[in-house]
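Open your viewer and keep the selection tool at hand. We will go from stop to stop, choosing something to select and then seeing what is there.

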There are 2 protein chains.
Amino acid sequence: MPSTSSAPSAPPSAASPYEPRWLDEEEMAAWRSFVTASNLLNRRLERQLKEDSGLSHTQYEILVHLSAAPAGSLRMTELADKLVTSKSGLTYQVTQLEKMGLVGRRSCPSDVRGVFAELTDQGRELLREAAPGHVALVRELLIDVLSREQLAVLADGLGQVSARLRLDDAL
Amino acid sequence: MPSTSSAPSAPPSAASPYEPRWLDEEEMAAWRSFVTASNLLNRRLERQLKEDSGLSHTQYEILVHLSAAPAGSLRMTELADKLVTSKSGLTYQVTQLEKMGLVGRRSCPSDVRGVFAELTDQGRELLREAAPGHVALVRELLIDVLSREQLAVLADGLGQVSARLRLDDAL
DNA sequence: AGTCGAGAGTTCAAATTTGAACTACTTGCC
DNA sequence: GGCAAGTAGTTCAAATTTGAACTCTCGACT
C-alpha cells in the first residue's frame, strides 16, 4: 500500500459525493518530492544564511528583490507580492531590517499612503557579502544536482504553476 | 539587468576571495520558479485546508503520515523526520492534535524514552473527509498543470535533491 | 557494576507569521 | 463637490516555529 501524502493510505469507497481522482504513484512521487525538497532546502538555506550573515531567508530575499529593483526601492505591496508573503509579515520584516540599518523607508511622492522600502548602502554591502555563500549552496544542493534538461523542465513547469496560481489569486 | 533572487543584480568584480559561479539565466529561472511555486502553493493549500477542515497543512500531513504507517502510529522522531520539521515543532503540533482528539500518545514498550503518536478513529475520520478536497486542489494547481513527462522529471530530480539533502543532514 | 557519550522528547523564551480590524487616502462617478 | 468602494500600510492578538537547555534513558565499554 503506497504511502501517500495527500490521501489516506487506501482510499475506501466512501464518504464524499463524487469519488475524487486520487493521485497515482507517479503523481504522488512528484508531489511528495516537491514538498520534501522544498522543506529540506528551506531549512538548509535558513541555517546557512543565519550563520553566515545573520539574515533569515526572508530577509535575504527582501534585500535581493530591492537590489534588483530600479532605484533599490519598491513599494511595500509590490515587494510583498514578489516575496509571496502577507502584508503584515512584510511590515514586520522591513522594520527588522530597518533596525539593522539595511533598509530604509521613504514615503511615496505620488501617493501619500504609499511607502517605499529602499536598500541602504549598508544593505547593499551586506548582500554583496552574503550572496556568494548562498548562491554556492543553492548550486550545490539544487542546481548542480540536476541536468540542464531537468532545470529547464523545472523552470518551465513550475513557472506555469506559479502563473496559474497568480492568476487565481488575482480573482 | 536580470532580476535574480540569489545574487545581487549585477555581480560586481569584488568582495569575495574566490569569484563564485553565479547562476545563469536558466538556472536562475529554475530556482526562482521553484521558490515561488512552493510559496504560492503552500499559501493556497493552507488556506483551503483551514477553511475546509480546520487543519493546517502541517497537521494534515501529520495525519497522513500516521495513516500510512503500520499501526497508524509512529515514533515522534521518525515522524519529525518525515515531516521535515523540528522536534519541538512536532511536539507542539501533536499536542494540538491531541487536544482536538485526532491523535493520541502511547509510550513505547521497548524504550521508556520513546513516544508513539497514534491516529485516533476520529483522526482517521477527519482525514477521510479532508483528503478529497486537498487532493483535488493539489491536482488542479500542480499535477494537472504539468505533463506526464514533467511530473516524472519533477519526481526524479527533486527526489535526488532530497536524497542528497538527507545524506548531508545525516553527517 | 559503573561510567560516559549519544538519543528521545519536552520545555522554554524569543522570533516570526498570519488574518482581521483599523486608519487614511484615492478613484471613479454622479 | 461629494460619496461609495477600493487601496496602502500598520497594528494587534493569536498561532506557530525554532534552537538551546534540560531530563531521563540506552548502550557500549571498562
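Begin by selecting DNA strand D together with the protein around it: 22 residues surround this strand, and the nearest are Arg75(A), Thr77(A), Thr91(A), Arg105(A) and Arg113(A). Of the strand D atoms that come within 4 Å of the protein, 66% belong to sugar and phosphate. Keep in mind as you look that this is a predicted model.

Stay with strand D and pick out some side chains of chain B. Ser86(B) has a polar side-chain atom 3.2 Å from a phosphate oxygen of DNA strand D. Next, show Tyr92(B), where an N or O atom of the side chain is 2.8 Å from a phosphate oxygen of DNA strand D. Then what does Arg113(B) reach with a polar side-chain atom? Here the partner is a base oxygen of DNA strand D, at 3.1 Å.

Now colour the helices. Two or more residues of the surface near DNA strand D come from each of these elements: helix H3 (76-83) and H4 of chain A, and helix H2 (57-68) and H4 of chain B. Which one gives the most? That is H4(B), with 5 residues. If you colour this surface by residue class, you will find 12 polar, 6 charged and 4 nonpolar residues.

**Over to the other strand**

Select DNA strand C. Around this strand there are 22 residues, with Ser88(A), Arg75(B), Thr77(B), Arg105(B) and Arg113(B) the closest. Sugar and phosphate make up 65% of the strand C atoms that come within 4 Å of the protein.

Three side chains are worth showing here. In chain A, Tyr92(A) places a side-chain N or O atom 2.8 Å from a phosphate oxygen of DNA strand C, and Gln93(A) does so at 3.0 Å. From chain B, select Arg105(B): a polar atom of its side chain lies 2.6 Å from a phosphate oxygen of strand C.

The helices to highlight for strand C are helix H2 (57-68) and helix H4 (87-99) of chain A, along with helix H3 (76-83) and helix H4 (87-99) of chain B; each supplies at least two residues of the surface. H4(A) has the largest share, 5 residues. By class, the surface near strand C holds 6 charged, 4 nonpolar and 12 polar residues.

**Between the protein chains**

Hide the DNA and select chain A and chain B. Their contact takes 79 residues from chain A and 79 residues from chain B. About 7,300 Å² is buried between the two chains, and carbon and sulfur atoms give 64% of that area.

How many salt bridges are there between chain A and chain B? The count is 12. To see one of the salt bridges, zoom in on the side chains of Arg148(A) and Glu27(B), with 3.2 Å from N to O. Across this interface there are also 17 residue pairs in polar contact.

On the side of chain A that touches chain B, highlight helix H1 (25-53), H2, helix H5 (121-141) and helix H6 (148-170), the elements that give two or more residues. This side has 39 nonpolar, 21 polar and 19 charged residues.

**Last stop: the two copies**

Finally, zoom out and compare the protein chains. Chain A is superposed on chain B by a rotation of 180° with 0.0 Å of shift along the axis, at an RMSD of 0.0 Å. This is how a two-fold axis relates two copies. Both copies use the same surface for their contact, and 100% of the contact residues of chain A recur in chain B.

Note on methods
Residues numbered from 1 in each chain as written. Chains lettered and ligands numbered in written order. Predicted model: local features only at pLDDT ≥ 70, side-chain atom pairs only at ≥ 80, totals over all residues. Heavy atoms only, no water. Least-squares fit on C-alpha atoms with pLDDT ≥ 70 in both. Contact = heavy atoms within 4.5 Å. Near = heavy atom within 4 Å. Polar contact = N/O pair within 3.5 Å; in protein donor to acceptor, adjacent residues only side chain to side chain. Helix = DSSP H or I, 4+ residues; strand = E, 2+ residues; numbered from the N terminus. Nonpolar A, V, L, I, M, F, W, Y, C, P; charged D, E, K, R; others polar. Buried area = accessible area lost by both parts, 1.4 Å probe. Salt bridge = Lys/Arg side-chain N within 4 Å of Asp/Glu carboxyl O.
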